[in-house]
Amino acid sequence: MKKVLMATALTLGMMTSAVSFAHAQEATPAVGAPPPGGPGCGPMHHHGMGGPILKLDGVKLTSAQKKKLKAIFDANKPSDPKADMEQIHSLHQQEREVLTTPGPVDQAKLQQIEQQISTMQTERATQRLQVETQVHDILTKKQLKQIADRPEPQMPPMCGNGAPPAPPPAATESK
């Protein structure tokens, strides 16, 4: 029984790590606009909380529920999570190349790359929510209430933690 639970937790962990940076942006900000949320945010800052919403730690599951969970996680395991991560990395490298090439920035190319990243992230987020829905459907009302009654985990500040950006250092002129 512990092996099944551990395998389920491991599978869920693998799945969520593959989508850990699933962060679909609703709109791509205009190139040259200040990044939303403060320093360290913006189109080059793709990460998000891709972990499970329905955390099953401490929830007593029947053997039938465990079998169903294993089937859900096995059916939704990414076929090659490394390939997806490599593709995202490649797209980030392309963004870097566009932004570090001397001369005017190819905004159309940058937006095209950003759209590809956003599409991949949206697909991952959608897949994750489909799995969450399937997990929800096998839990009892009591189990769902147990999960709902837990305090939400505190998330670390993401992008500039809401504080205004620090003023730029004073420019010193040498004459």
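1. Surface. In this predicted model, the protein exposes about 12,100 Å². Carbon and sulfur atoms supply 60% of that exposed area. Buried residues make up 27% of the 175 residues in the protein.

2. Secondary structure. The protein contains five helices and zero strands. Read along the sequence, the pattern is therefore written α-α-α-α-α, where each symbol stands for a helix. The student may wish to keep this order in mind, since the salt bridges below are placed by helix.

3. Contacts along the chain. Consider the contacts between residues at least 6 apart in sequence: 84% of them join residues at least 24 apart. One salt bridge, discussed in point 6, also links distant parts of the chain.

4. Number of salt bridges. How many salt bridges does the model contain? The count comes to three. They are taken in turn below.

5. K70 and D74. These two residues form a salt bridge in which the closest N and O atoms are 2.8 Å apart. Both belong to helix α2, which covers residues 63-75. Because K70 and D74 are four residues apart in this helix, about one helical turn separates them. Are the two residues buried, partly exposed or exposed? K70 is partly exposed, with a relative accessible area of 37%, and D74 also counts as partly exposed, at 34% relative accessibility.

6. R124 and D84. Here the closest N and O atoms are 3.9 Å apart, and the pair counts as a salt bridge because the cut-off is 4 Å. The pair links distant parts of the chain: R124 lies in helix α4 (residues 107-138) and D84 in helix α3 (residues 81-100), with their positions 40 residues apart in the numbering. Where do the two residues stand with respect to the surface? R124 has 8% relative accessibility and so counts as buried, the limit being under 20%. D84, at 29% relative accessibility, counts as partly exposed.

7. D149 and K145. The side chains of D149 and K145 meet in a salt bridge, with an N to O distance of 2.8 Å. Which helix holds this pair? Both residues lie in helix α5 (residues 141-149). They are four residues apart, about one turn of the helix. D149 has 52% relative accessibility and therefore counts as exposed, since the exposed class begins over 50%.

8. Summary of the pairs. K70 and D74 are in helix α2, D149 and K145 are in helix α5, and the pair of R124 and D84 joins helix α4 to helix α3.

Conventions: Residues numbered from 1 in each chain as written. Predicted model: local features only at pLDDT ≥ 70, side-chain atom pairs only at ≥ 80, totals over all residues. Heavy atoms only, no water. Helix = DSSP H or I, 4+ residues; strand = E, 2+ residues; numbered from the N terminus. Buried < 20%, exposed > 50% of the residue type's maximum accessible area, 1.4 Å probe, protein only. Contact = heavy atoms within 4.5 Å. Areas by Shrake-Rupley, 256 points an atom, 1.4 Å probe, with all protein chains shown as cover.
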